[in-house]
Amino acid sequence: MQTAIFAGGCFWCIEAVYNQIKGVQSAVSGYIGGHLANPTYRQVCDTDSGHAEAVKIEFDPDIIGYQTLLDIFFSIHNPTELNRQGNDIGSQYRSEIFYLDEQQKQLAQQTIAELQPHFAQPIVTKISPVTTFYPAEEYHQGYFKQNPNTGYCSMVVAPKYLKAKVKFSDLWNA
């Protein structure tokens, strides 16, 4: 198994998609890139902890590659929005890739370079070395699956989830 860690706005959106992808053993919502140890959701949202809401993905590289995970990542969030995704505003909603080795870093850089001509605005996704990942509180795990009819899930998570389901139908778990 290998690991990928992506921040692309609300972790509920990212986690919901990756947990449906063949070859992904788990996608866990959490926090990374800040200066507090063991941050809580309130600390990440209400203070300047420096953390991003992110998802740690454990995947089988014999089934799905890191490049495909990057392709999914860039299709389910807007990498040109600085410190926000739609109405979710703040540095905790930034677009960032946390690489675990030089190959992941190079693939992320190459992917951004290849995608940039397809966007009218500059891609602002940061590429950073991995730091400590802190799993979010239990109620955040599988949030969309458990709460599909809440307002936020219906309006924000569901469209991203359905877009990914169509675009990556060949990778989708039934």
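Leaving aside its neighbours within four places in sequence, which residues is A52 in contact with? Let me start there, hello everyone, and then walk you through the rest of the model. Please keep in mind that this is a predicted model.

So, A52. This alanine is found in strand β3, which covers residues 52-59. Setting aside anything within four places in sequence, A52 is in contact with A7, G30, Y31, I32, Q92 and R94. Its relative accessibility is 0%, and therefore A52 counts as buried. Here is a distance to go with that: A52 and S95 are 43 residues apart in sequence, yet 8.4 Å separates them in space, C-alpha to C-alpha.

Now let me step back to the annotation. In an unreviewed entry, UniProt places the feature "domain: Peptide methionine sulphoxide reductase MsrA" at residues 3-153. In the model, that span is 30% helix and 25% strand. The C-alpha atoms at the two ends of residues 3-153 lie 26 Å apart.

Next, the cysteine I expect you will ask about. Which residue does UniProt list for "active site"? The answer is C10, again from an unreviewed entry. On the model, C10 sits in the loop between β1 (2-8) and α1 (11-18). Is C10 buried or exposed? With a relative accessibility of 7%, C10 counts as buried, because the cut-off for buried is under 20%. Not counting residues up to four places away in sequence, C10 touches E53, D88, Y93 and Y152.

If you work at the bench, you may be wondering about disulfides. In general, a disulfide is a covalent bond between the sulfur atoms of two cysteines. How many disulfides does a search of the whole structure find? Zero. C10 is in no disulfide, and the nearest cysteine sulfur to its own belongs to C13, 4.8 Å away. Looking from the other side, C13 is in no disulfide either, and its nearest cysteine sulfur is that of C10. For this model, a disulfide would need the two sulfur atoms within 2.5 Å. C13 also counts as buried, because its relative accessibility is 3%.

Both of these cysteines bring us to the pocket. The largest pocket has a volume of about 150 Å³. Which residues line the largest pocket? They are G9, C10, C13, Q85, G86, N87, D88, Y152, V156 and K160. By type, the lining divides into four nonpolar, four polar and two charged residues. Notice that D88 and Y152 are in this lining, and that C10 touches both D88 and Y152.

Which helix gives the largest share of that lining? Helix α6, residues 151-167, with three residues. As a reminder about helices, there are 3.6 residues a turn in an α-helix, so residues three or four places apart point the same way.

Let me stay with α6 and compare two of its residues. V156 is in helix α6 and is one of the pocket residues. V156 is partly exposed, because its relative accessible area is 27%. A164 lies in helix α6 as well, but A164 is buried, with a relative accessible area of 1%. Away from its neighbours within four places in sequence, A164 is in contact with V17, I76, S169 and W172.

From V156 we can reach across to I72: the two are 84 residues apart in sequence and 17 Å apart in space, C-alpha to C-alpha. I72 is one of the buried residues of α3, along with Y66, L69, L70, F73, F74 and S75. Seven of the ten residues of helix α3 (residues 66-75) are buried, so α3 is largely enclosed by the rest of the structure.

Finally, two asparagines with backbones worth a look. Most residues other than glycine have a negative phi. Phi of N38, however, is near 50°, a positive value. N38 lies in the loop between β2 (24-32) and α2 (41-46), and it counts as exposed, at 58% relative accessibility. N83 has a positive phi too, near 55°. N83 lies in the loop between α3 and β4 (84-85) and counts as partly exposed, at 28% relative accessibility. One last distance: A164 and N83 are 22 Å apart in space, C-alpha to C-alpha, and 81 residues apart in sequence.

Thanks for listening!

Definitions and conventions
Residues numbered from 1 in each chain as written. Predicted model: local features only at pLDDT ≥ 70, side-chain atom pairs only at ≥ 80, totals over all residues. Heavy atoms only, no water. UniProt positions renumbered as here; feature names shortened; annotations may be inferred. Helix = DSSP H or I, 4+ residues; strand = E, 2+ residues; numbered from the N terminus. 1 Å grid on protein atoms, 1.4 Å probe; cavity = no way out; pocket = protein on both sides within 12 Å on 5 of 7 lines; lining within 4 Å. Points joined across faces, edges and corners; volume = space filled by probe spheres on them. Nonpolar A, V, L, I, M, F, W, Y, C, P; charged D, E, K, R; others polar. Buried < 20%, exposed > 50% of the residue type's maximum accessible area, 1.4 Å probe, protein only. Contact = heavy atoms within 4.5 Å.
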